Amino acid sequence: MTENNEGQTSNGNSVIKTSDAARVIVYTGNVMKQANINSFNSGKNNQELVSALTDTLKAYLYTKPMWTFDKVNGILEIPDPFYFDQKLTEDRNEYEITAKLFYLPSSSTSVIEPSPPPQYVAQSIYHLFKVLGINTIDTFIVYFNGLIFNYSDEVDGSSSNDNFTKSDYDNLIKVWTELEKFHVNNRIHKLGVSEFTKNRLESFINAVEISPKVNQINIIDCNNGEILEFAKKNDIELLTHRDPTVILPSKTFQNIIEETNTNKISLNNDLLPRWVLKYSVMIKCRGVVANKGYIVMGSTPNSGLNFTYTIDH
């Protein structure tokens with residue numbers, strides 16, 4: 001594969017223009033090493049992700065291109081050229097790896113696949129395995145678009161106060177079934193959910209084969225008595241987070257692309273963010289995070305989202 005400075009990649013007899021790519025994977029690299037890491041607000045926002053994406057795309061556009069093209073799945077892959085090598089340097093057992101998959105509002109805005117594809121699970125895991133050089137994840141959490149921890153649901157138990165619809169529930173069960181496959185084959189050690197109230201957890205546990213061992217809720221809800229008692233009784237670890245409800249709005253993603261595109265090298269302005277995987281690598285013996293980053297998959301409105309990777313689950 002050869003590259004030129006016009007945003008084209010030659011592969012055999014075919015020439016791929018980056019501006020024509022209908023599917024894109026962006027790796028932010030290790031945000032812990034970015035110069036402006038201390039400027040990130042610790043509050044509930046997505047500035048860390050936005051800054052990391054912007055830096056990666058600027059590096060991709062203004063330095064020697066380092067993209068690769070997966071011809072089989074039609075995916076343009078863009079690494080951060082400054083932090084490309086993120087493979088673990090010590091024994092795998094020395095690290096605790098946590099990943100969180102975000103389903104976005106634009107996850108299912110496709111006439112081809114109207115509901116959020118469960119295949120996002122394998123897609124995100126494949127790319128995390130690839131970037132870190134691993135084959136296991138300690139904890140994998142899934143956040144389903146639109147869920148919030150609704151305290152009124154805990155007070156009177158009325159489903160009318162819960163924004164968790166039957167359609168949401170059915171879709172999440174399908175996603176969870178994919179995660180269970182990775183757990184059964186020891187690729188993921190603990191499965192987790194996010195923003196689940198007591199009532200959601202009760203219903204969910206009764207419907208799945210493997211119960212979640214982690215429930216991640218917003219830090220402002222961590223003192224809710226109902227969920228604390230239920231989690232303790234059912235051996236569910238409660239973790240807190242400061243993530244926004246929508247970590248990457250479509251408009252934000254498209255603005256980043258528009259702002260970083262150049263005349264010579266550019267991405268398709270119609271790309272929509274489909275999923276975001278946030279991951280962290282902690283050194284166990286020191287209790288410090290050595291690597292933290294994001295992987296983002298975007299595609300054009302009518303491109304198929306139902307592509308799969310071969311992973312030995």
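This is a dialogue between a biologist and a modeller on how to read the sheet, the helices and the salt bridges of one predicted model.

Biologist: Where should I begin, and what is the order of the strands in the open sheet?

Modeller: Keep in mind that the model is predicted, and then follow the open sheet of 10 strands, whose order is E5-E6-E4-E13-E12-E7-E8-E9-E10-E11 and whose pairing is mixed. Strand E5 (68-70) and strand E11 (237-241) are the edge strands, each pairing on one side only, and from one strand to the next the twist averages 20°.

Biologist: How many bridges join E5 to strand E6, and in which sense do the two run?

Modeller: E5 and strand E6 (residues 75-78) run antiparallel and are joined by 3 bridges; Asp 70 stands opposite Ile 75 in E6.

Biologist: In which sense do E7 and E8 pair, and how does E8 run with respect to E9?

Modeller: E7 and E8 pair in the parallel sense over 5 bridges, and E8 is likewise joined to E9 by 5 bridges, the two running parallel. Ile 141 can serve as a landmark, since this residue of E8 is the bridge partner of Lys 100 and also stands opposite Gly 192 in E9.

Biologist: Why is E8 described as largely enclosed by the rest of the structure?

Modeller: The reasoning rests on a cut-off, as a residue counts as buried when its relative accessible area is under 20%. In E8, 7 of the 7 residues are buried, so the strand is largely enclosed by the rest of the structure.

Biologist: Which helices pack on the sheet or lie across its strands?

Modeller: Helix H2 (residues 120-132) packs on the sheet, where the strands it touches include strand E4 (23-27), E6, strand E7 (95-103) and strand E8 (137-143), and its direction makes about 45° with that of E12. Helix H4 (residues 166-184) lies across E7, E8 and E9, and runs at about 160° to E9.

Biologist: Why are H2 and H4 called oblique to each other?

Modeller: Their axes come within 9 Å and cross at roughly 40°. An angle under 35 degrees would count as roughly parallel, and H2 and H4 are therefore oblique to each other. In the contact, Val 121, Ala 122 and Ile 125 in H2 meet Val 175, Glu 178, Leu 179 and Phe 182 in H4, which by class gives 6 nonpolar, no polar and 1 charged residues.

Biologist: At what angle do helix H5 and helix H6 pack?

Modeller: Helix H5 (residues 198-207) and helix H6 (residues 225-233) pack at an angle of about 30°, with their axes 9 Å apart, and they are therefore roughly parallel to each other. Here Lys 198, Leu 201, Glu 202 and Ile 205 in H5 meet Glu 226, Ile 227 and Phe 230 in H6, and the residues of this contact divide into 4 nonpolar, no polar and 3 charged.

Biologist: How many salt bridges does a search of the whole structure find?

Modeller: The general idea is that side chains of opposite charge can pair when their charged atoms come close. A search of the whole structure finds 9 salt bridges. One of them joins Lys 130 to Glu 77, with the closest N and O atoms 2.7 Å apart; Lys 130 lies in helix H2 and Glu 77 in strand E6, so the pair ties together parts that are 53 residues apart in sequence. At 36% relative accessibility Lys 130 is partly exposed, whereas Glu 77 is buried at 5%.

Biologist: Which other salt bridges could I look up?

Modeller: Glu 237 and Lys 190 meet through their side chains at 3.0 Å, N to O, and this pair links distant parts of the chain, with Glu 237 in strand E11 and Lys 190 in strand E9, 47 residues apart. Glu 237, at 36%, is partly exposed, and so is Lys 190 at 29%. Lys 198 forms a salt bridge with Glu 202, the closest N and O atoms being 3.5 Å apart, and both residues lie in helix H5, 4 residues apart, about one turn of the helix. Lys 100, Asp 243 and Lys 278 are linked in a network of salt bridges.

Biologist: Is Thr 56 buried or exposed, and what is it in contact with?

Modeller: Thr 56, found in helix H1 (residues 47-62), is buried, with a relative accessible area of 0%. Leaving aside its neighbours within four places in sequence, Thr 56 has contacts that include Val 26, Tyr 27, Thr 28 and Ile 78.

Note on methods. Residues are numbered from 1 along each chain as its sequence is written. This is a predicted model: local features need pLDDT of at least 70, side-chain atom pairs count only at pLDDT 80 or more; totals for chains, interfaces and linings use all residues. Side-chain values use heavy atoms; hydrogens and water are left out. Buried means under 20% relative accessible area, exposed over 50%, partly exposed in between (1.4 Å probe, protein chains only). Contact means heavy atoms within 4.5 Å. Two strands pair if DSSP finds at least two bridges between them. Axes are lines fitted to C-alpha atoms, for helices over the stretch in contact, and angles run from 0 to 180 degrees between N-to-C directions. Angles under 35 degrees count as roughly parallel, over 145 as roughly antiparallel, 65 to 115 as roughly perpendicular and the rest as oblique. Ala, Val, Leu, Ile, Met, Phe, Trp, Tyr, Cys and Pro count as nonpolar, Asp, Glu, Lys and Arg as charged, and the others, Gly among them, as polar. A salt bridge is a side-chain nitrogen of Lys or Arg within 4 Å of a carboxyl oxygen of Asp or Glu.
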